[in-house]
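Trainee: Could you take me through one part of this model, the surroundings of the ligand? I would like to go slowly and see which residues sit around it.

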Amino acid sequence: MKDPAKLRLKPNLQGYAELRKKFKWSDAEKMVDWFPGGKINAGYNVIDRHAKGPRRNKIALIYDDGEGNATKLTFQQLFEMSNKFANVLKKLGVKRQDRVFFFLQRSPELYSGFVGAIKYGAIASPMFPAFGPDAIKDRLLDSGAVVLVTDSVLKKRVYEVKDQLPELKHMIIVGQDVAPNEVSWEKEMASASAMFETVPMDPEEFMYMLYTSGTTGKPKGVVHAHKDIVECHLSTYWVLDVHEDDVYWCTADLGWVTGVVYGVLGPWSNGTTQVGLGGRFEPERWYKTIQAYKVTVWYTAPTAVRMLMAKGDDLPKKFELSSLRANYSVGEPLNPEGVKWAMDVFDNKPFHDTWWQTETGSILITNFPEMPIKPGSMGKPLPGIEAAIIDEAGKVLEQGEEGNLAIKPGWPSMMRQIWKNPAKYNEYFRNGWYYTGDTAQIDKDGYFWYVGRADDVIKTAGERVGPFEVESALIEHPAVAEAGVIGKPDQLRGNIIKAFIVLTPGYTDSPQLREDIQKFVKNKLAGHAYPREIEIMQKLPKTRSGKIVRRLLRAKELGLPLGDTSTLED
Ligand code: WTA
């Protein structure tokens, strides 16, 4: 329960029930700036409009390199940097809606480049810096990326697959080690003009894309349009509840949707000062960051919360954390213990759970600042969002019944396309609903409770991994003949990746072999996407058509009933 008198600031969203009844998306459209003729540019809304107004000299970004060295940039400075980058793209002959990818650590270059590409009218996409060559290749190849901005260190991984990327014309390199066939970020930015007219886009033209994992196949390119900014703006205002003097910190990397939407677009559209922290997760450094920049609003993930909890309550006591006003979390179920722990260590500031997906483009369900929190619940849908629990036939289920979490299509930040794969896109929509792939239930007060995934997608430490990607990487190892991959529940990480493998004849199991296989996958895909556990099998459960049945691997692992086995080969 919240005592309104004790909230430091009045929440931006007041009177949820009433607002649900009368809210129209056209109201939210008035919160962002438009060009004549119904054109819009999300980049203009996140940077330009502030640089042209009273927030011109307000700090937009406090970038900490992870060692406590801070670079502060105002909206005006980001305006100029993003203009320069747009001019660099122009000089390279990049066309409207060309794909411009980023493979960079969090840095001022990444933030300004990403926004600059959007202002230019390109489709921007940041990639997670821990990706290995296979993950990089899948994304650049499928998207037909024309430009890649990377740095002298990360580029080595790109060169391992570069000859398989015929459409990649330009590599822009941040740093000193620039080869003659590459473009130097420093040199081009130094000579580029700081003046650029942001391109008015049709609201349905594409702004950014991010690859995400599903049950089957390679990662798919989820494409978002410029109009998304309407909902990125509104949800940041209503849910994260930013106020003019807030210092906001989103811990997600820009390679994930949370980093893009709530680490760039939403907060800056609201003119909010935000912190960007480089380097790796480290409890002490995180507390230090809150203390050093007097963070007031904090958006992070359950695994991070559990890792902080595991470090004990004495550590946070060593820091001055009283600046915090509100905390939020996303990506996986947030344990009630996490909510309560935060109340103890952050002086009565619980975590508010938020639910959404790469595909939804913004928070759709949440515990609102003005409402009581039900620990363990995702909260309630935003005004303008119709969410329900439905069965496979599209029948809306009763309160308390478990089923598919579904949303009525048509919200502004909904994905517009799965890149080059309309069939995949259409699979999401059935019976007039968008099927999220999650299962959930609703309680008598209208709060939504997460149950699980309806498919095989694995959430490990909040990051989304497809079993097929891991299986594909595994079977490229000479010792692996067959592989089946599942998520195994884990106290700290939510799930870990577990692989069941059949060895190639001639290989024998040993700790070294398993380690070698793990390293192999880690190098190919990413640091987070390798199996922490490997079990050697004589045989994998398969259908008669030869498909590995992950459901049975999961049942075996968790001691669940096997269910229908009539389609199995053996
Ligand atoms: C899961 C992240 C439980 C869910 C923004 C969803 C959650 C998937 C929550 C999307 C939550 C996200 N409680 N589960 N509050 N938020 N998820 O695309 O399974 O990386 O479908 O987007 O994360 O993951 P994605």
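**Around the ligand**

Mentor: Let's start with Tyr450, which has a polar side-chain atom 3.3 Å from an oxygen atom of the ligand. Keep in mind as you look that this is a predicted model. Lys459 also turns up here, with a polar side-chain atom 2.8 Å from an oxygen atom of the ligand. Thr354 takes part through its backbone instead: a backbone N or O atom of Thr354 lies 2.7 Å from a nitrogen atom of the ligand.

How much of the ligand does the protein cover? On its own, the ligand has 540 Å² of accessible area, and the protein covers 97% of it.

Now step back to the whole shell. The ligand is surrounded by 18 residues, and the closest are Thr354, Thr358, Asp438, Arg453 and Arg464. So far we have met Thr354 through its backbone contact with a ligand nitrogen, and here Thr354 is listed among the closest residues as well.

Where do these residues come from? Two or more are given by each of helix H10 (257-269), strand S14 (351-355) and strand S22 (448-453). Strand S14 provides the largest share of the shell, with 3 residues.

Finally, look at the chemical make-up of the shell around the ligand: 7 of its residues are nonpolar, 5 are polar and 6 are charged. As you turn the model, try finding Tyr450 and Lys459 beside the ligand's oxygen atoms, then Thr354 beside a nitrogen atom.

Note on methods
Residues numbered from 1 in each chain as written. Predicted model: local features only at pLDDT ≥ 70, side-chain atom pairs only at ≥ 80, totals over all residues. Heavy atoms only, no water. Near = heavy atom within 4 Å. Polar contact = N/O pair within 3.5 Å; in protein donor to acceptor, adjacent residues only side chain to side chain. Areas by Shrake-Rupley, 256 points an atom, 1.4 Å probe, with all protein chains shown as cover. Helix = DSSP H or I, 4+ residues; strand = E, 2+ residues; numbered from the N terminus. Nonpolar A, V, L, I, M, F, W, Y, C, P; charged D, E, K, R; others polar.
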